[in-house]
Amino acid sequence: MSYLKNADSELFEILMREVGREFSTLELIASENFVSYPVLEMAGGVMTNKYAEGYPGKRYYGGCEHVDEAEDLARDRAKILFNAEYANVQPHSGSQANMAALLTFVKTGETIMGLDLAHGGHLTHGSPVNFSGKLFNVVSYQVDRATGRVNFDEVRKLAKEHKPKLIICGGSAYPRHIEFEDFKAVADEIGAFLMADIAHPAGLVATGLHPSPMPYCDVVTTTTHKTLRGPRGGMIMMGKDSENSFGVVAPKSGRVKNMSELIDSMVMPGIQGGPLMHIIAAKAVAFGEALQPSFKEYTSQIVKNAQTLADAFLSKDYHLVSGGTDTHVILIDLTNKSITGKTAEKALEKAGITVNKNMVPFDERSPFVTSGIRVGTPAITTRGMEEDQMLTICDLIDQVIDNPENEFVITNVKSTVKELCDSFPLYDDLLN
Ligand SMILES: *Cc1c(COP(=O)(O)O)cnc(C)c1O
């Protein structure tokens, strides 16, 4: 069945070309994944039609009884998955989750601390081109040159000197477990709030393969579409809810409001209007999948694949930031291979392998060129690939990086990529 095919063949063809691209290339972008058919069905469903400003049971619109059921399930399942007392599933994206969380805990003009973008942080952790860098005074911490891990001597020194209101931990290109406990110790020394952004490892956190931020952090944000393998979106959680410490009271009763109420009202009406109910319902479907035992098998395989790939690169004399990985991410410093991240990304793309160029810590090249690439295993693991395929993939990447301008090599690699993809089909129901 395709309504689109009949109604708008131009867009239908574009969609089919994207299905074909996803099928026939090796997706190694660490922040991407492939959702299941049930998630796809819900995300493409009629709940896209519904206005539901507000929260379940307290909407500004009628006719919300079914979207309420879906949002309640999404919140309940998220709380079970992450052992959280509170969840808000309405943020349209990870960036909006971060915006709402930051604006709840910090006033504009106050100081926040986050991991430097060039050291693996995220735009929303204080980059000058992002709202976070424009609205707050930002102090960035970095990783240690030798270990590639967060340098806690520096974090502590900066924290004591600048007294941030809030410290953000987590990032987009950090191959190691986030050190929640160490961050908590620093935050406590200066009386700062601690926010964890688990956008990347959320699926690993949900299955116990990465430590949980809940016991240590005042607020936790995430995306739902990376290792968690749900629809594109964001979420905010707290391990424990409590009365707010800012003195905010309910206008009529004078009751001190809970933090959860402040976060809810910062998401809506603070920064968003109507929630994307089709996406919230699809989040509920994805969380249901993540609660199944098979999801833990999946995330365990993600990590095994990443570690196998990391070892394979090390044996070919690649330099990995932090020397390896605990997660789904590998950050390769290509400096000793005489190729830039940009050239490597382009050559690999020609061979059907999708990665992204990435700054490495202390990079001397610009963000548009970079000295590294970031490689991740969530998407290829969803296709069913295992350790054997990781060895092949390392070999293919190595051939391209050694011969970025050799058309013969690129063509050969591309045909092996095609065979590999054909053996691990993806969305083939959509191709017919
Ligand atoms: C991906 C990511 C985000 C933002 O997610 P979007 O949905 O793209 O806005 C936020 N924080 C971190 C650490 C991320 O990796």
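**Exercise 1. Determine whether E71 and R59 are buried or exposed, and how their side chains meet.**

Solution. Apply the cut-offs: buried is under 20% relative accessible area, exposed is over 50%, and partly exposed lies in between (1.4 Å probe, protein chains only). Both E71 and R59 are buried. This is a predicted model, where local features need pLDDT of at least 70, side-chain atom pairs count only at pLDDT 80 or more, and totals for chains, interfaces and linings use all residues. Residues are numbered from 1 along each chain as its sequence is written, and side-chain values use heavy atoms, leaving out hydrogens and water.

Next, the contact. A salt bridge puts a side-chain nitrogen of Lys or Arg within 4 Å of a carboxyl oxygen of Asp or Glu. E71 and R59 form one, at 2.8 Å from N to O. E71 sits in helix α4 (residues 65-82) and R59 in strand β3 (residues 58-59), 12 residues apart. Helices (H or I, at least four residues) and strands (E, at least two) are DSSP runs, numbered from the N terminus.

**Exercise 2. Find which parts of the chain the salt bridge of K240 and E85 ties together.**

Solution. Start with the distance: 3.6 Å, N to O. K240 lies in the loop between β10 (234-238) and α10 (259-271), and E85 in the loop between α4 and β4 (86-88), so the pair ties together parts 155 residues apart in sequence. Then check accessibility. K240 is exposed at 64% relative accessible area. E85 is partly exposed at 40%.

**Exercise 3. Place R156 and E189, and name the residues that shared salt-bridge partners join into one network.**

Solution. The closest N and O atoms of R156 and E189 are 3.0 Å apart, in a salt bridge. R156 belongs to helix α7 (residues 152-162) and E189 to helix α8 (residues 180-190), 33 residues apart. R156 is partly exposed, at 27% relative accessible area. E189 is partly exposed too, at 41%. The network consists of R59, D68 and E71. The structure holds 15 salt bridges.

**Exercise 4. Work out the strand order of the four-stranded open sheet, and why one side of β11 and of β14 has no neighbour in the sheet.**

Solution. Two strands pair if DSSP finds at least two bridges between them. The order is β11-β12-β15-β14, with antiparallel pairing. β11 (319-320) and β14 (356-358) stand at the edges with a single partner strand each, so one side of each lacks a neighbour in the sheet. Now take β12 (residues 329-333) and β15 (residues 372-376): they pair over five bridges, antiparallel. L331 has R374 in β15 as its bridge partner.
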